[in-house]
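Colleague: I'm new to reading protein models, so could you walk me through a few features? Let's have it on screen.

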Amino acid sequence: MRRSSLLVLFLTVFIDLIGFGMVIPFLSFYAREYGASGTTVGAVVGIYSIMQFFFAPIWGRMSDRIGRRPVLLISLTASCIGYFLFGFARSLWVLFASRIIAGVGGANIGTAQAYIADTTTNEERAKGMGLIGAAFGMGFILGPPLSGILSTVGIHHGMHGNLLPGLVAGSLSLSALLLAFFVLGESKRPDTKVRAALPPQFDRRVWAELKQHRLLGLIMLTLFLMLLSVAGMETSVTLHARDRFQFQQIDLAYFFLFMGVMVAIIQGGLIGKLARVFGERTLVTIGTASYTVGLVLVPGVWRVPLLYLVAFFVSIGTGLCYPSLTSMVTKTTPPGEHGSMLGIATAVGSLARFVGPIFMGFLYDVAQARGAFFGGAVLTAAAFVLSLWMRKFPLLAEGDT
């Protein structure tokens, strides 16, 4: 593992994701401020994930052809423009445009994961993938409170609430772009064979490969089910905490801070050691089981300390599953297709993050906490069954158990 390259990549992704964490929690509020209906708010939030769904495989395929570094630079430029546009948005349509551009730029996670796959051994792969998860966790730990402070300061001085958060998020993304431009080297080997074809989401052969390669198909399906439940949980737990425990914004901030720290600890420090000892497939089984237990327990919890205990189980599931599944994607595909398949995985995740909040919100409207959390538990229980099924199929790479 080239530690210096991974450190630079981690810093690049982390700095960019702080900006992401600054914008996302307050997006609905600003959309409402500029006259959006509830449906339009959902569209403004969801357009980011839809753009990721289409562009993640395109960036992945492009990175297989021209290299990881150029794609990261292009996508970071788009993120920078999107965040600055968010800061200067004074109408709903400008806000909408800013999320489209930011979504195009934010679809680079698959390329970052391909960079990690290029620079790690099979034994170190899960640890490397965990760095991306840790960057996400730390970005969400630092982003929301920073945005809240900046917004409050800006409003106190007569500015629009989204101005300072947008400017700082854009500046952070610009810093990440400059860091990548001057320090980040290329990771793709010149002799890597690349499939010459359409972008993966339009390439029938890619989807045919997923159908024929059962393990890879199971990995993608498990990833979709887990992220569908995770994205839905983030919406339903907010509604539940407000309705049952009368949580205010600061209470929710502490709650998500706790979960973010837990996930960052697992993905930033423990995942590599655990993967070497138990193997990725075992970690996925443990993670899906822990997440299912947490979701099943939520409706029966009536005290805040017990809610934090449930969050502990949910955090274990989140921390273990994502890096383990993405590591398995690289171990079931040849190096020339890492970018493409990780791009597909990112696109699958984006689709889940778009559908999840809508689906779980509907279940919450129909049956309150029991509907939302039991519905999510059904999804993660299905992922648990799939993780057991995975054990019947060998990986291309050795070293997994």
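Modeller: Sure. Keep in mind that this is a predicted model. Let's begin with Arg 68, which is found in helix 4 (residues 68-88).

Colleague: Is Arg 68 buried or exposed?

Modeller: Buried means under 20% relative accessible area. Arg 68 has just 1%, so it counts as buried.

Colleague: Which side chains does the side chain of Arg 68 make polar contacts with?

Modeller: One is the side chain of Ser 63, at 2.9 Å. Another is that of Asp 64, where the polar contact is 2.7 Å.

Colleague: On to rings. How many aromatic pairs are there?

Modeller: Rings pair if their centres lie within 6.5 Å, and the count here is seven pairs. Take Phe 10 and Phe 14: the centres are 5.8 Å apart and the planes sit at 5 degrees, so this pair is stacked. Both residues belong to helix 1 (residues 3-23), four residues apart, or about one turn of the helix. Both are buried, too.

Colleague: What about Phe 312 and Phe 313?

Modeller: That pair is edge-to-face, with 75 degrees between the planes and 6.0 Å from centre to centre. Phe 312 is partly exposed at 33% relative accessibility, and Phe 313 is partly exposed at 28%.

Colleague: Where does the charged end of Arg 244 sit?

Modeller: Over the ring of Trp 302, 3.6 Å from the centre of that ring. Arg 69 lies over the face of Phe 181, at 5.5 Å from the ring centre.

Colleague: Last one: what should helix 8 span?

Modeller: With 21 residues (163-183) at 1.5 Å a residue, 30 Å is expected; the end C-alpha atoms are 30 Å apart, so the two agree.

Terms used
Residues numbered from 1 in each chain as written. Predicted model: local features only at pLDDT ≥ 70, side-chain atom pairs only at ≥ 80, totals over all residues. Heavy atoms only, no water. Helix = DSSP H or I, 4+ residues; strand = E, 2+ residues; numbered from the N terminus. Expected span 1.5 Å × (residues − 1). Buried < 20%, exposed > 50% of the residue type's maximum accessible area, 1.4 Å probe, protein only. Polar contact = N/O pair within 3.5 Å; in protein donor to acceptor, adjacent residues only side chain to side chain. Phe/Tyr/Trp six-rings, centres within 6.5 Å; stacked < 30°, edge-to-face > 60°. Lys NZ or Arg CZ within 6 Å of the ring centre and 35° of its normal.
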